[in-house]
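Reader: Hi! Could you walk me through this one? I'd like to hear about its empty spaces and its ligands.

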Amino acid sequence: MPAVVVMGAQWGDEGKGKFVDLLAAQAEVVVRATGGANAGHTVWANGQQYKLHQVPSGILYPGTLCVIGHGVVLDPAKLIEEMEYLQAKGVDLANLRISGGAHVVFPYHLRLDEAEEDRKGANKIGTTRRGIGPAYMDKFARVGIRLVDLLDKDEFLPKLTAQVEAKNQLLDRVYGMTGFKVEELAESYLTYAERLRPYMANTVELVNDAIDDGRNVLFEGAQGHLLDIDFGTYPYVTASHPIAAGAIIGAGVGPTKINKVLGIVKAYTSRVGEGPFPTELFDQTGDAIRDKGHEYGTTTGRPRRIGWLDLVMVRFACRVSGITDLAVPHLDTLAKTGVDTLKICVGYRLPDGTVTKEFPVGLKALGQVSPVYEELPNWEWNDSLAKVKRLADLPEGAQRYVRLIETYTGVPVSILGVGSERTEAIYRTEIFGA
Ligand code: GDP
Ligand code: IMO
Ligand code: MG
């Protein structure tokens, strides 16, 4: 009875939401354990689109418990907005549970995120401007305010006062920006707390009980391996741990409890924000993939940068997170571009001419590699292929593409995506099986 971590193996936006929604049909608990409102997970179910940011993608199943763990930096204003959006779509939130240990995002975090990005100018990270970096900074500086603190006015007000004073000084003296009034923030955050109070629970007990009882638990990753604060393309990363280890810390379960790690690998690569991208495409092929794959940010609406599939990067993700299974969406998108030949990066050529499968640690070194490609013929697409349930029934080109990913990484591709709808997927192995 497995506990399964679902994580992005690239730069985010791989399709985590879609696969979590798919697997949630068999799960009793879905946990978001890292990141915050920077995430944007799109789910298509029964012709309806759902954009999720902080609420786990299992929420569309009335019987599934959806947990926001303490590893998340929680923006209560955005969460309440999202809850109202879901309720307006008829989604029942009775099964939402939130950890009091989650650190809270305040408007000063958002303003500091903006201010720092603007100050950096051409060197900006390209953040989602959701205050994620500043909120995690406060957490690690041990001055953060947690959701549980908001439930007790006497606990909350002195902490908030100290933070507003400190942040106002920073905003004024370093960035020349106006600050915030304690009373105004206190009033709105105490109201948010009352709205969220009924959903708060001891999520560590809840998740561990579920695992110990042999119930299926899914950990829904946010962002992706290359955005990890330690293993990503630092400093062009987020402030959390999108790798599999982030799920166990952010949910409060032991590593021995995790049975499988499902890495999501989009059939090409995308990235939002700044930073090096060895296989990036600047031509019509990139435009065609962006167009056919609807590659525009779920959170910020920014056009995503597009490139060929980079297996050097995926191999790195497989190693660091012990990925046991891969899911590969967007096999339909590549075919729909009409491009004759597809490229897959299978090595990095270094300036001295040698070729490596190792992902470089330094950013400068990454900027100097040139991708070594294997070329494969593209395949034809027609809409009936979105209904196919076996890899063997897809065109030979798609089968070869999937086999190359498996051979290179040594990890089986257990699920394929052939369209954005929940039903448009091919299972090759039962993820919740033994
Ligand atoms: P996430 O952040 O990893 O959950 O991914 P996003 O939701 O930001 O971006 C993935 C996009 O790909 C969404 O628009 C999904 O609807 C879409 N998608 C996922 N799988 C497939 C697939 O197999 N085919 C197609 N055409 N779209 C897919
Ligand atoms: P999902 O869960 C793609 C990127 C931002 C920026 C960097 C830092 O939908 O895959 P941040 O706001 O986190 O400080 O920004 O990380 N980023 C994402 N890119 N998908 C995401 O989430 C992302 N969350 C953050 O674009 O480059
Ligand atoms: Mg996304």
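Reader: Let's start inside: what volume does the largest cavity have?

Author: The largest cavity has a volume of about 60 Å³. A cavity here is a set of points on a 1 Å grid over the protein atoms alone where a 1.4 Å probe fits but cannot get out. Points are joined across faces, edges and corners, and the volume is the space filled by probe spheres set on them. Bear in mind that this is a predicted model, where local features need pLDDT of at least 70, side-chain atom pairs count only at pLDDT 80 or more, and totals for chains, interfaces and linings use all residues. Residues are numbered from 1 along each chain as written, chains are lettered from A and ligands numbered from 1 in written order, and side-chain values use heavy atoms, leaving out hydrogens and water.

Reader: How many cavities of 30 Å³ or more are there?

Author: The count comes to one.

Reader: Which residues lie nearest the centre of the largest cavity?

Author: Val 5, Thr 34, Glu 220, Gly 221 and Ala 247, out of 15 lining residues (those with an atom within 4 Å of a point).

Reader: Cool. On to ligand 2: which residues come nearest?

Author: Asp 13, Lys 16, His 41, Thr 128 and Thr 238, from the 20 residues around ligand 2 (near means a heavy atom within 4 Å). That shell divides into seven nonpolar, ten polar and three charged residues, with Gly counted as polar.

Reader: What do the side chains of the two threonines and His 41 do there?

Author: Thr 128 has a polar side-chain atom 2.6 Å from an oxygen atom of ligand 2, and Thr 238 also places one 2.6 Å from a ligand 2 oxygen. For His 41, a side-chain N or O atom is 2.7 Å from an oxygen of ligand 2. Taken alone, ligand 2 exposes 550 Å², and the protein buries 98% of that (Shrake-Rupley method, 1.4 Å probe).

Reader: And ligand 1, which residues come nearest there?

Author: Gly 15, Lys 16, Gly 17, Thr 42 and Asp 332, among 20 around ligand 1. A polar backbone atom of Thr 42 is 2.8 Å from an oxygen of ligand 1, while a polar side-chain atom of Arg 304 lies 2.9 Å from a ligand 1 oxygen.

Reader: How much of ligand 1 does the protein bury?

Author: Ligand 1 alone exposes 590 Å², of which the protein buries 95%.

Notes:
Polar contact = N/O pair within 3.5 Å; in protein donor to acceptor, adjacent residues only side chain to side chain. 1 Å grid on protein atoms, 1.4 Å probe; cavity = no way out; pocket = protein on both sides within 12 Å on 5 of 7 lines; lining within 4 Å.
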